[in-house]
Amino acid sequence: MTTASDPSYPAHWEADVVLRDGGTARIRPITTEDAGRLVSFYDQISDESKYYRFFAPHPRLSDRDVHRFTHHDYVDRVGLAATVGEEFIGTVRYDRIGPDGRPASAPADEAEVAFLVQDAHQGRGVASALLEHIGAVARERGIRRFAAEVLPANTKMIKVFTDAGYQQKRSFEDGSVHLTLDLEPTAESLAVQRAREQRAEARSVQRLLAPGSVAVVGVSRSGAGVGAAALRNLRDSGFRGHLYAVNEARAPGIEGDLLEGVRAYRSLREIDAPVDLAVVAVPAGRVPQVVADCGEHGVQGLVVLSAGYGESGPAGLDRQRELVRQVRSYGMRLIGPNAFGVINTAPEVGLNASLAPVPAPVPGRIGLFTQSGAIGIALLAALLRRGEGLSSFVSAGNRADVSGNDILQYWYEDEATDVALMYLETLGNPRKFTRLARRTAAVKPVVVAKGGRHTPAGHVVPGTRLPEATVSALLRQAGVIRVDTVTELVDVGLLLASQPVPAGPRVAILGNSESLGFLTYDACLAQGLRPGAPRDLTTAATPADFGRAVADALASDAHDAVVVTAIPWVDEEVSAGADDLADALRDAVAAHPGKPVAVVHVELADFVAALSRADVRIPAYPAAERAVRAVAEAVHYGQWRRTDAESGHVPEYEDIDEAGAAAQLAGLLAGVGDGDGVLTLAEADAAALLARYGIRVLPTLSAATADAAVKAAEVLGYPVALKTTAPHLRHRADLGGVRLDLAGEAALRRAYGELTALLGSPAELLPVVQAMVPRGVDTVVRSVIDPAAGAVLSFGLAGVASELLGDTAHRIVPATDRDVAGLIRSIRTAPLLFGWRGSDPVDTPALEELLLRLSRLVDDHPEVVGVTLEPVVVATEGLSVLSATVRIARPPARTDLGPRTLPSY
C-alpha cells in the first residue's frame, strides 16, 4: 500500500498493538487503496454480525458503500482498520455530526461511531483497541463525544463501550440503545486501558515462555553452531511439548531423519502440526523467508538468535526495522534479534531455548532479564554457583520488539516469580518503565543494574537525555532497587529471594570473629543502618552456640535483621562440619521466621554450599560490605513498601483555569509551526499563564536609568531590590548583580551607581526593581520535557554549591502529594528547610502546593515544554516566586495518555 504521495494521510495514526490473547495487530487509517481488502473482509463476516452493524440484512457491500468506507478526509470522516498479514480483521469509523444528527464540520464536536470485527477475531480485544485509537484520533480533530446506536441484542458491542471507562449516557430509543461517550480521558478510562495493556502484554510473553511446541530453524547436521546448541538445550532440559528441528540442507525423501535425536524437516512448512515458538538460527539474509514461513504456519512468537542486525551498523539497523515490521504483520512477537534465548523452569514447561552452557538453571523464585548475552551467562553462572534457581530467564539481545517492559508485565502476575532481576543497558521508555516497575515493586522486589550510560549499537529504542542522577531518582520513586554492578544484582537478589523484607534498619551482628564483627558494624553505619554492638561468640563457639545466638537475636524486638559472621575453626576440639553449622542456623531461622538473616564468611566454601541446600536457604557473602549492602537495599525497599508504594493522589484546585490556559497557549502558538522549535514566553505572558494555575510571580519593573528605578520603587513601595537580568549575570548573586533591602531613594541611587560602575552600562545589565519579600530559603523549581521520560519535575536549593554538587531531586509528572513531599525531603540539603541549627523551619506545605500546581500545568498542557522558577524564596509563612521562565512548543501527536501501542523505531 502506497500512501506517501498523499500529504493528507496521517501516518502518525499507524500503530502496532497487542491484543487480549497476546497476538499483535496493526491499526492504520483506511485509504482508497483498501477497496479490495474491505470487500474481502466483509465477505467473511457472518450474517448476524452484518445485521448488528446495519440494523438490517446487508449481504454484500455496494459500490457506493465501498466508496464511502474507503474515502475519508481524516478530519470529519475517519476510518481505521486492524490488520494481520495485510488483511482486515476489524474496522471502525466516525462521522462528525451536528446537533441535528446530520453530517457536519468543525466546530461541531460530536461524531457517530460504528465498529465491525470479523467473527473469527471477536473476543480478542480488537474492538477495544480500535475504540482507544479512534478516540485519540477524534480528540486530535476536536471531537469531544461519540454517539453510537447499538441493537439491544448486540451485547458484545455494548460491553465494549460500557467497559471503556469513559463518562457516558445511555438511553433506549426506537428499538436501539443510544450511547453517548465523553472522550475526555478519566482516571477510570486510563486504569482500564492500562489493565488491558498489562493483561495483553503479559499474555504475549506467556505465549513465548510456555509454548506447547517449538521448532529450531537452522540446525546443522554437524552439531556445530548456535542452532544445534539451542536444540540440545531444549532436548536436554526435558521440554514437555513437541520439539522439531529444521535443516534446509536435509536430503529430500528421507523418512524419520533425526538431528540431535529430534525429528528434522527441510522447512517449517513441512511440519504437519502446530508450532507455537520458532527459535531462528539462520544467517540474517535468510531470516525473512523463515519469518514468512512462520507467519503462514501460525507460529505465535520468534526467538531470533541470528546476528547481523542493529549491532552491525546502519544496514543492519534497516534490516532490523524490516524484521520487526514483518514479524508484527503476521501477529507474532519477537525476542531478539541477536538474542541469547529464553528459559522457563516451570515443571510443566521445562523450556531452555537458550545458548546457556550446561548445567541448566534449576527451578527457583528469581526472574532474570538481560539485554546482553555475555552478562546473561555471568548471571546464570553466579546464581547457579550460589545455589539459587530461576523461574524464568529472557536475554533479549537487541530487544527490537519484546523488552524489559513486557517482561515486567509478565512477572507482575507470575506466581512463580518472587524477585525480578534486570540488567539493562537502556531504559527505552523511562516513563512507562517506571510506571510498570512501581506497580510491580508494590508486590515483589524489582532490582536493576543499569549498564551503558549511552544507547549502544543495535538498541534502537530512543535513549533518554536525562542525567544518570535523574534516572536513579526516577527509579527510586518507582521503588526500584538500583545497584551498580552485576555482582550487587546477584547479592541483593539472593537475599530477597530467600529472606523476608526487614521491618526496619536495626541490625544484630554476631559471630566467632570480633574483627569481622567490627567490619560489619562499620559497613552498617556506612549504609545508614542502625547496628547493635557486635556479639562476639569467640572462636570456641560451636554450631549450637551459633544457633542459640541467632535464635535470641531473631526473637528480640530490638532487631529487624541479623548478620552472622563466621571464620574457620582453629581449635580442633570445637571444629564442626559445614553441615552442622548450616543446620543450626536453619533451625534457628525456621523457629523464628519473619526477619532476614545473612551470613558473612571467610574461606568456608562447604558452609556456603550447605546453606543453599534444603528448603530454608540463607544467603552467604564473602565480604561484610556485600552482605550489608544487600541488607541495606532490602531495608530501603521495605521502607518504600510501607510509605510510598501507594502513589498518593493529585489534588484538585478550584482556582485553576485550565480552559483559559489552553486558550492562551493556542493564541501564543497560532503562528508557530510544528518544526519551528521552542518559543520562550515574554515575562508578562509567562506570569499570566502561571497565574491561571495559582502561581503568582512577583512583578518586576524595568530600570533603564536611575530615575526610572526610583519611579519603579515608588510604584512598588520601599524597601526594594535592584538586580540585573542580563543572561550572564542572571541568578548569579555571587557576582554582585543584586542589591537588597534598599530602604529609600538615596540607597537606591547609590546602589544603581555602584552596579553600573562595577558591571557595565544599563543597556548591558538590564536592571530591574522588585519589591522585597520575607527572608527565607532560596530554592529552584523546574519542569523539563525529556523525549523519552516526558515531563519531569525537579527541585533543589538555589546557589552555586547545590549546582556544583548536583543536589537536585526529580519526579515524573503528574506528581502526587506523596511524590512532592518526598521530593523536597530527598535532597542532601533538605535540613535547611526544616530548622537546621536552630533556624526557623520554612513553609514546606506551601512549597508542596507550588510543586503540585506546576505539575498540573505541564501535565494538562503538553505545549509547556519547560518551566524554571528561580529563585523561589520559601519563608516561615508562604513563599515568593521572584522570576519565571516558560518555554512552549507544538505538542507531540501522541502522549503517555494516548492509546496502547507498541514502540515504533
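In strand β26, the residue T565 is the bridge partner of G511, and this contact belongs to a set of five bridges through which β23 and β26 (residues 561–566) are joined in a parallel arrangement. The model described here is a predicted one, and the values that follow are computed from its atoms.

Strand β23 pairs with further strands as well. Two bridges join β23 to strand β24 (residues 530–531), again in the parallel sense, and here V507 stands opposite P531. Two bridges also connect β23 with strand β25 (residues 535–536), the two running parallel, with L510 placed opposite R535 of β25. Where does this leave β23 (residues 506–511) with respect to the rest of the structure? Five of its six residues are buried, and β23 is therefore largely enclosed by the rest of the structure. As a general point, the side chains of a regular strand alternate between the two faces of the sheet.

Charged contacts form a second theme. A search of the whole structure returns 47 salt bridges, and three of these pairs are listed below with the distance between nitrogen and oxygen.

| Salt bridge | N to O distance |
|---|---|
| R145 and E110 | 3.5 Å |
| D163 and K159 | 2.8 Å |
| E848 and R825 | 3.1 Å |

The side chains of R145 and E110 meet in a salt bridge. Because R145 lies in strand β6 (residues 145–150) and E110 in strand β5 (residues 110–117), the pair ties together parts that are 35 residues apart in sequence. R145 has a relative accessibility of 30% and accordingly counts as partly exposed.

D163, which forms its salt bridge with K159, is likewise partly exposed, with a relative accessible area of 30%.

The salt bridge of E848 with R825 has its closest N and O atoms 3.1 Å apart. This pair links distant parts of the chain, since E848 belongs to helix α27 (residues 844–860) and R825 to helix α26 (residues 817–825), the two residues being 23 apart. Are the partners E848 and R825 buried or partly exposed? E848 is buried, with a relative accessible area of 17%, whereas R825, at 42% relative accessibility, counts as partly exposed. Beyond such pairs, salt bridges that share partners join E14, D16, R26, R328, R333, D401 and D406 into one network.

The surface also carries patches of charged and of nonpolar character. Which residues form the negative surface patch that includes E149? The patch is made up of E112, E149, E173 and D174. E149 is located in strand β6, the strand that also holds R145 of the salt bridge with E110. With a relative accessible area of 31%, E149 is partly exposed; this value lies above the 30% that a residue must exceed to be counted in a patch.

A nonpolar surface patch of about 340 Å² is made by V800, L804 and L805. Of these residues, V800 lies in helix α25, which spans residues 800–805, and V800 counts as partly exposed at 43% relative accessibility.

Note on methods
Residues are numbered from 1 along each chain as its sequence is written. This is a predicted model: local features need pLDDT of at least 70, side-chain atom pairs count only at pLDDT 80 or more; totals for chains, interfaces and linings use all residues. Side-chain values use heavy atoms; hydrogens and water are left out. A salt bridge is a side-chain nitrogen of Lys or Arg within 4 Å of a carboxyl oxygen of Asp or Glu. Helices (H or I, at least four residues) and strands (E, at least two) are DSSP runs, numbered from the N terminus. Buried means under 20% relative accessible area, exposed over 50%, partly exposed in between (1.4 Å probe, protein chains only). Two strands pair if DSSP finds at least two bridges between them. Patches are made of residues with over 30% relative accessible area and no salt bridge: like charges are joined within 9 Å, nonpolar side chains (Val, Leu, Ile, Met, Phe, Trp, Tyr) within 5 Å. Accessible areas come from the Shrake-Rupley method with a 1.4 Å probe; for residues, only the protein chains shown count as cover. Lys and Arg count as positive and Asp and Glu as negative; His and the chain ends are not counted. The place of a charge is taken as NZ of Lys, CZ of Arg, CG of Asp or CD of Glu.
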